[in-house]
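This text walks through one protein model, from its cross-links to its charged pairs, its strands and its backbone. Please keep the sequence and the 3D view open while reading.

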Amino acid sequence: QLQLVESGGGLVSPGGSVRLSCAGSGFTLNSYAIGWFRQAPGKEREAISCISSSGGSLNYADSVKGRFTISRDNAKNTVYLQMNSLQPEDTAIYYCAARKYFCSTDNYNYWGQGTQVTVSS
């Protein structure tokens, strides 16, 4: 069974950091672009970052640019999202998703179950 499994969410104080992981289960991620998305209560899902299969293309939404960093470790079959300078408005469920090779804001084939990130004092 092909799955993406997110981990690393939790409660963090404003200004703090957290690193999310997205691991492939049942398939290798090295031919897939991985996107990170988030959805806050009452809001639409937002595409926040993506890394191409080669790692050569990195995309960020304006809302996270300069604070979040996406990376991949194909040896570990995992993509990471390092989130720094977190603010309460970053509170959301964070999802990773996979599509072949190139980044996009939609048309992803596989989705993880999501991990909650709550930024609060």
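E46 has a relative accessible area of 26%, so this residue counts as partly exposed. The structure shown here is a predicted model, and E46 is a convenient place to enter it, through its charged partner. That partner is R38: the two residues form a salt bridge in which the closest N and O atoms are 2.9 Å apart. R38 has a relative accessible area of 7% and is therefore buried. Side chains of opposite charge can pair when their charged atoms come close.

How many salt bridges does a search of the whole structure find? The search finds 4. One of them joins R67 to D90, with 2.8 Å between the closest N and O atoms. This pair links distant parts of the chain: R67 is in the loop between β6 (58-60) and β7 (68-73), while D90 is in the loop between β8 (78-83) and β9, 23 residues apart. R67 and D90 are both buried. Salt bridges that share partners bring R38, E46, R67 and D90 together in one network. The network thus takes in the residue that opened this account, E46, and its partner R38.

Another salt bridge is made by the side chains of D62 and K65, at 3.3 Å from N to O. D62 is exposed, because its relative accessible area is 68% and the cut-off for exposed is over 50%.

The next topic is the covalent cross-links. The model contains 2 disulfides. In one of them C22 is bonded to C96, and the sulfur atoms are 2.1 Å apart. The link of C22 and C96 is right-handed, with 75 degrees about the S-S bond. C22 belongs to strand β3 (residues 18-25) and C96 to strand β9 (residues 92-100), so the disulfide ties together parts that are 74 residues apart in sequence. C22 and C96 are both buried.

The other disulfide is formed by C50 and C103, again with sulfur atoms 2.1 Å apart. Here the pair links C50 in strand β5 (residues 46-51) with C103 in the loop between β9 and β10 (110-111), distant parts of the chain that are 53 residues apart. Is this disulfide left-handed or right-handed? The torsion about the S-S bond of C50 and C103 is about -95 degrees, so the disulfide is left-handed. Its two ends can be taken in turn. C50 has 3% relative accessibility and so counts as buried. C103 has 21% relative accessibility and so counts as partly exposed; the cut-off for buried is under 20%. When the bonded cysteines of the protein are numbered in sequence order, the pairing reads 1-3, 2-4.

Strand β9, which holds C96, also takes part in pairing with another strand. It is joined to β11 by 3 bridges, and the two strands run antiparallel. Within this pairing, A92 stands opposite V117 in β11. Strand β11 also has a parallel neighbour: 3 bridges join β2 (residues 10-12) to β11. In that case L11 is the residue that stands opposite T118 in β11.

Which residues of strand β11 (residues 115-119) point to the buried face? T115, V117 and V119 point to one face and are buried, while Q116 and T118 point to the other face and are not buried. In a regular strand the side chains alternate between the two faces of the sheet. The two residues of β11 named in the pairings fall on opposite sides of this pattern: V117 is among the buried ones, and T118 is among those that are not.

Two backbone details remain. Most residues other than glycine have a negative phi. N77 has a positive phi, near 55 degrees, and is not a glycine. N77 is placed in the loop between β7 and β8, and at 16% relative accessibility it counts as buried. Y101 is also a residue other than glycine with a positive phi, in this case about 65 degrees. Y101 lies in the loop between β9 and β10, where C103 of the left-handed disulfide is also found. At 41% relative accessibility, Y101 counts as partly exposed.

Methods:
Residues are numbered from 1 along each chain as its sequence is written. This is a predicted model: local features need pLDDT of at least 70, side-chain atom pairs count only at pLDDT 80 or more; totals for chains, interfaces and linings use all residues. Side-chain values use heavy atoms; hydrogens and water are left out. A disulfide is a pair of cysteine sulfur atoms within 2.5 Å. Helices (H or I, at least four residues) and strands (E, at least two) are DSSP runs, numbered from the N terminus. Buried means under 20% relative accessible area, exposed over 50%, partly exposed in between (1.4 Å probe, protein chains only). Two strands pair if DSSP finds at least two bridges between them.
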